[in-house]
Amino acid sequence: MLMGRYAEAYSRSNSDPAGFWGEAAELVHWDKKPTIILDDSNVPLYRWFSDGTLNTCFNALDRHVILGRGEQVALIHESPLTGTSTEFTYAELLEKVAHFAGVLYNLGVVAGDRVVIYMPMVPEAMIAMLACARLGAVHSVVFGGFAPAELAARIDDATPKVIVTASCGLEPSRIVEYKPMLDEALTLAEHKPDYQVLLQRKQHQVELDGNYLDWHQVLKASQPVTCTSVKATDPLYILYTSGTTGKPKGIVRDNGGHAVALTWSMKNVYNIDAGDVWWSASDVGWVVGHSYIVYAPLFAGATTIMYEGKPVGTPDAGAFWRTIEKYKVKGLFTAPTAIRAIKKEDPAGEWIGKFDLSSFENLFLAGERLDPDTYHWATDKLGVPVIDNWWQTETGWPIAANMRGLEPLPIKPGSPSVPVPGYIVEVLDEHGHNVEPGHDGNIAIKLPMPPGTLPTLWGDDERYKDGYLNVFPGYYASGDGGYLDEDGYVYVMGRTDDVINVAGHRLSTGSMEAVVASHVAVAECAVIGVADEIKGQLPKAFVVLKSGINIDPTVLQDEIVAMMRHEIGPVAAFHHVIVVPGLPKTRSGKILRKTMRGIADGRVEPVPSTIEDASILEILAPLLRTN
Ligand code: COA
Ligand code: AMP
């Protein structure tokens with residue numbers, strides 16, 4: 001039984017959630033303070049701070065300038081890929097954001113309108129996000145590694161008035177041209193935005209045609225604007241994430257709960273105070289980027305680093321440690337896959353020894369399971385606590401963590417430690433009954449979830465209820481499986497659905513299957529995540545050919561890989577297609593994907609009694625276990 005500051009806060013958050021979060025709300029500047037803290041008038045859809053009003057951009061920028069932090073660096077843009085380092089004080093960032101908000105305003109964007117942001121890791125991506133927040137408009141950032149069809153699906157769902165983009169992104173080996181991808185997406189999409197604002201980058205300039213406007217030209221013709229006050233429950237952003245089906249889910253984030261939870265988390269979970277230097281090595285296209293590159297560090301008055309580069313090769317395996325030394329970083333947040341990539345290049349940690357890491361206090365890892373090998377390697381080589389934290393796009397901030405600001409607890413390798421105040425984490429069997437500690441089950445969170453978590457899916461309350469809330473009534477079904485130990489530590493072992501995690505990126509095997517199945521030679525297929533040393537998981541397609549088709553397997557693989565890059569994007573890291581004589585199925589014809597997944601994960605799966613032909617599993621088992 002845990003005692004101390006954590007136990008006290010956790011117990012209070014459960015017994016008196018309104019009191020607990022009402023106090024946390026004092027950390028935020030409200031235009032009108034909420035009197036309703038937890039609104040349960042429309043269960044199971046709970047809302048937080050429903051009669052409060054505020055502006056998220058004001059809390060991220062203006063407030064700090066007013067309180068005298070204007071000359072402190074707010075944002076450092078570090079780009080080994082362009083060889084540039086650029087700093088913006090709070091006052092400078094505020095000026096740029098207010099000015100770009102003026103651009104959007106001139107283009108007709110008002111509170112509630114959507115703006116899609118399809119940009120690489122440049123400061124203007126953050127400026128565009130905060131400019132939307134300033135106007136009360138709703139941004140939807142789309143990761144640059146997605147293909148036009150994925151972008152089109154998001155455009156059609158979010159129906160933006162304006163799209164903000166750049167001429168190119170940079171990968172170590174190539175320039176990623178954004179405009180042709182956006183043009184193709186706009187052709188595919190039914191919804192047509194009024195304008196596309198494009199930032200020209202030196203590395204690749206493009207001709208602007210049609211409704212494209214040049215970022216710098218439109219800036220010249222606009223004036224800075226002030227903040228628009230919005231309701232705490234109004235949406236701040238929509239971030240699409242992969243589900244079981246091909247249709248991405250639009251996770252909605254509100255303004256009030258988000259500001260409260262993220263501000264609270266920055267100190268209590270990550271131990272970052274105003275003036276500290278914080279680096280989240282992720283991408284603004286993912287939730288980690290939204291929460292911990294952009295919003296939380298700015299709410300906290302910290303200095304945030306935005307990094308355009310990879311952990312290895314740009315320029316070397318010392319890239320992370322060099323940056324920590326250069327800017328005296330206190331906390332670094334990245335995904336375990338980045339550490340595995342560094343470990344592979346520098347197993348003895350020689351690069352680590354070359355730099356002064358005396359400012360560095362904690363390494364935070366999330367986005368996928370932190371395997372004990374990676375945990376031990378990082379702990380040994382870095383000599384700082386390595387803190388796993390478990391969360392999802394849906395929650396927007398950690399569900400389980402070892403809270404460095406609230407009260408550091410003993411670390412257990414393989415576990416992201418304990419539930420964060422506000423989250424009542426339970427493990428349920430398929431009937432919704434609690435399982436004993438140490439036993440595997442479905443990880444579920446008792447309702448209501450704390451502020452900052454998703455109130456619903458964009459325009460689709462029913463899909464939210466069906467996918468998350470009706471699975472175990474009274475709970476939010478996380479889609480993750482795992483167990484709790486006797487001390488209440490959470491162990492998250494993997495997804496229970498068809499979502500896979502490739503290099504910390506969440507992807508749907510269902511949408512990959514749709515692409516594979518559209519190849520003319522394919523009769524049926526299953527895409528399964530198989531273990532990979534660096535990326536954690538990699539997708540692998542098992543295909544049965546149509547009868548009478550004779551195709552060279554290498555040609556087939558190349559064709560399907562090309563289709564996948566075009567339909568889903570390079571981020572799918574899809575390289576393997578294996579032709580098999582059949583797939584394991586039930587007698588009624590359902591493919592036993594769960595059994596295949598279990599074999600790929602190295603579990604001893606009982607052969608289902610409903611299987612049509614068990615011998616096919618013997619053929620597939622070795623193929624599922626190798627990469
Ligand atoms: N725009 C366009 N293409 C992109 C892209 C982007 N923003 N991001 C990745 N890609 C491409 C890559 O170029 C690569 O293409 P390729 O097949 O032509 O080589 C492909 O998508 C796969 O990318 P990625 O999974 O990033 O693999 P990688 O081999 O380039 O790098 C890691 C591997 C581990 C170094 C990298 O994934 C990483 O740094 N991860 C850090 C963690 C992270 O960002 N997690 C997110 C949540 S915390
Ligand atoms: P995303 O929504 O892209 O952040 O992906 C969320 C999913 O990543 C979760 O549902 C988990 O499956 C996985 N995940 C994230 N963090 C962790 C962690 N610390 N341990 C285990 N799995 C994690």
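Me: A polar contact is a pair of N or O atoms within 3.5 Å; within protein, one must be able to donate a hydrogen and the other to accept it, and residues adjacent in sequence count only if both atoms are side-chain atoms. Before I apply that, what kind of model is this?

Reply: This is a predicted model, in which local features need pLDDT of at least 70, side-chain atom pairs count only at pLDDT 80 or more, and totals for chains, interfaces and linings use all residues. Residues are numbered from 1 along each chain as its sequence is written, chains are lettered from A and ligands numbered from 1 in the order in which they are written, and side-chain values use heavy atoms, with hydrogens and water left out.

Me: Thanks! Then with which side chain does the side chain of glutamine 72 make a polar contact?

Reply: With that of arginine 69, at 2.4 Å. The side chain of glutamine 72 also reaches a backbone oxygen, that of glycine 301, at 3.0 Å. As for its setting, helices (H or I, at least four residues) and strands (E, at least two) are DSSP runs numbered from the N terminus; glutamine 72 sits in the loop between α3 (56-69) and β4 (73-79).

Me: Is glutamine 72 buried or exposed?

Reply: Start with the scale: buried means under 20% relative accessible area, exposed over 50%, and partly exposed in between, using a 1.4 Å probe and protein chains only. Glutamine 72 has a relative accessible area of 16%, so it is buried. Contact means heavy atoms within 4.5 Å; not counting residues up to four places away in sequence, glutamine 72 touches Phe88, Thr89, Tyr90, Gly275, Gly301, Ala302 and Thr303.

Me: Glycine 301 has come up twice. Which helix does it follow, and how is that helix covered?

Reply: Glycine 301 follows α10 and has a positive phi, near 75°. Helix α10 (residues 287-299) is mostly covered, with 13 of its 13 residues buried. For another case of a positive phi after a helix, look at lysine 328, which follows α11 with a phi near 55°. The buried residues of α11 (residues 319-327) are Ala319, Phe320, Trp321, Thr323, Ile324 and Tyr327.

Me: Let me try another loop. Is arginine 587 buried or exposed?

Reply: Arginine 587 has 58% relative accessibility, so it counts as exposed. Its loop runs between β31 (576-579) and α18 (593-600). Leaving aside neighbours within four places in sequence, arginine 587 is in contact with Ser609, Thr610, Ile611 and Glu612. A polar atom of its side chain lies 3.0 Å from the backbone oxygen of isoleucine 611. Threonine 610 is 23 residues away from arginine 587 in sequence, but their C-alpha atoms are 6.0 Å apart.

Me: How should I read the domains, and how far apart do their centres lie?

Reply: Domain bounds come from an automatic or database domain assignment. Here that assignment gives domain 1 (5-309 + 389-483) and domain 2 (503-625). Their C-alpha centres lie 33 Å apart. The contact takes 21 residues from domain 1 and 13 from domain 2.

Me: Where does ligand 1 lie with respect to the domains?

Reply: Domain 1 and domain 2 both give residues to the shell around ligand 1, so the ligand lies between them. A residue is near a molecule or strand if one of its heavy atoms lies within 4 Å of it. Of the 21 residues around ligand 1, Glu171, Arg174, Lys310, Lys535 and Arg565 come nearest. Polar side-chain atoms lie at these distances from an oxygen atom of ligand 1: 2.9 Å for lysine 310, 2.8 Å for lysine 535 and 2.9 Å for arginine 565. Accessible areas come from the Shrake-Rupley method with a 1.4 Å probe; for residues, only the protein chains shown count as cover. Ligand 1 has 930 Å² of accessible area on its own, and the protein covers 81% of it.

Me: And which residues come nearest to ligand 2?

Reply: Among the 15 residues around ligand 2, Asp388, Thr393, Asp480, Arg495 and Arg506 come nearest. A polar side-chain atom of aspartate 388 is 2.7 Å from a nitrogen atom of ligand 2, while one of asparagine 501 is 3.1 Å from an oxygen atom of the ligand. Taken alone, ligand 2 exposes 500 Å², of which the protein buries 93%.
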